[in-house]
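Okay, can everyone see the screen? Let me put the structure up, and then I'll walk you through it.

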Amino acid sequence: MNRTVLSQRISRIQSDIKKLSNTLCAMDNTDIERYPENYEMLSTDAALRSELITCRMRHLIYISTGLKKAEYLTAAGIVQGIGIDCKNGLLEITLPCLLPKRKQRQSTEFLIDPIYFTLSQFADFHTLPKFRHCVVCFSHIYSEELPLRRVRDYDNLELKQLLDVISTFVMEDDTGLLCDAYNTTEIGENDCTRITVMDKNRFSEWLKEREKSLKSISDF
């Protein structure tokens, strides 16, 4: 790779890191009780800039080293804490964060790529079900230690790309004729998102069991 272009990209990342550091300092000096809106704006900016830095670093690695994309993103999935479990006909994927809002493309890339390669590696060593008629339940779990005003509308969340990735591995097709998507809002110990895929005839039983074990679950 051309050394000048490489230096320019590294400089851009260094600039983003400085901006992130300044934003974190502003967060640390903001009274979250008196100025919750300002704190939310700063924390969102810091989170998105962090993801932008990560995505730029990924691209830099791909074009300047011999490390394969699949190898790196599989490792990224482990570091992020993406969990996959498949048993008794249910596929469960746990993400250690809430889903990003729509149109935050860098944020989506930060999450979607590791999910794809983590699922791919899991499929290499496990037999995944292939659903024709299925239900996909998105459980949006919010930390009990943080204010409830953080709860967002489902329409604002980036669900389609995530569903596209999952359907590649376990669905014949994600058309609405074959796949139903449901959302729940739950209160838990930490922020996370859990996606559960199951055959349609399992959903009613799964929901009843889920309601019994949760502190809070939204109505359908």
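So, secondary structure: the chain has six helices and five strands. Keep in mind that what you're looking at is a predicted model. If you trace the sequence from start to end, the order goes α-α-α-β-β-α-β-α-β-β-α. As for dimensions, the C-alpha trace covers about 55 × 50 × 25 Å along its principal axes.

How much of the chain is buried? Of the 220 residues, 40% are buried. On the outside, about 12800 Å² is exposed, and carbon and sulfur atoms account for 50% of that. For charges, I get 29 positive side chains and 32 negative ones, with the centres of those two sets 6 Å apart. And here's one on how the chain comes together: if you take contacts between residues at least 6 apart in sequence, 78% of them join residues at least 24 apart.

Okay, helix by helix now, with a few residues picked out. Let's begin with C55, which sits in α2, the helix running over residues 36-64. Is C55 buried or exposed? It counts as buried, because its relative accessibility is 0%. Its C-alpha is 6.1 Å from the C-alpha of F110, and those two are 55 residues apart in sequence.

Next up is α4, residues 105-125, and I've got Y116 from there, along with D113. Take D113 first. Which residues does D113 touch, once you ignore neighbours within four places in sequence? Those would be R58, K69 and L73. With L73 you can put a distance on it: 6.7 Å between C-alphas, for two residues 40 apart in sequence.

Now Y116. This tyrosine has a relative accessible area of 35%, so we call it partly exposed. Setting aside neighbours within four places in sequence, Y116 is in contact with V165 and F169. There's also a C-alpha distance to D164, which is 48 residues away along the chain: that one comes out at 9.8 Å.

That takes us over to α5, residues 160-170, where you'll find S167. Why does S167 count as buried? Because its relative accessible area is 11%, and the cut-off for buried is under 20%. Beyond its neighbours within four places, S167 makes contact with K130 and D174.

Not every pair I looked at has a short distance to report, so here's A75 as well. It's in α3, residues 69-80. At 37% relative accessibility, A75 goes down as partly exposed. From A75 to Y182 you've got 107 residues in sequence, and 30 Å in space from C-alpha to C-alpha.

Let's move to the strands, and to a backbone detail. In the loop between β1 and β2 there's N88. What's the phi angle there? About 55°, so a positive value, although N88 is not a glycine. N88 counts as exposed because its relative accessibility is 64%.

And those two strands bring me to my last item, the second largest pocket. What is its volume? About 180 Å³. Eleven residues line this pocket, and the ones nearest its centre are K87, L90, E92, T196 and W206. If you want to know which elements the lining comes from, β1 (83-87), β2 (90-95) and α6 (203-213) each put in at least two residues. Which of the elements gives the most to that lining? That's α6, with four residues.

So if you'd like to click around afterwards, here are some places to go. Try α4, where D113 contacts R58, K69 and L73, and Y116 contacts V165 and F169. Then go to C55 in α2, at 0% relative accessibility. Then finish at the second largest pocket, with W206 among the residues nearest its centre. And again, this is a predicted model. That's me done, so over to you for questions.

Terms used
Residues numbered from 1 in each chain as written. Predicted model: local features only at pLDDT ≥ 70, side-chain atom pairs only at ≥ 80, totals over all residues. Heavy atoms only, no water. Buried < 20%, exposed > 50% of the residue type's maximum accessible area, 1.4 Å probe, protein only. Contact = heavy atoms within 4.5 Å. Areas by Shrake-Rupley, 256 points an atom, 1.4 Å probe, with all protein chains shown as cover. Lys, Arg positive; Asp, Glu negative; His and termini not counted. Charge placed at Lys NZ, Arg CZ, Asp CG, Glu CD. 1 Å grid on protein atoms, 1.4 Å probe; cavity = no way out; pocket = protein on both sides within 12 Å on 5 of 7 lines; lining within 4 Å. Points joined across faces, edges and corners; volume = space filled by probe spheres on them.
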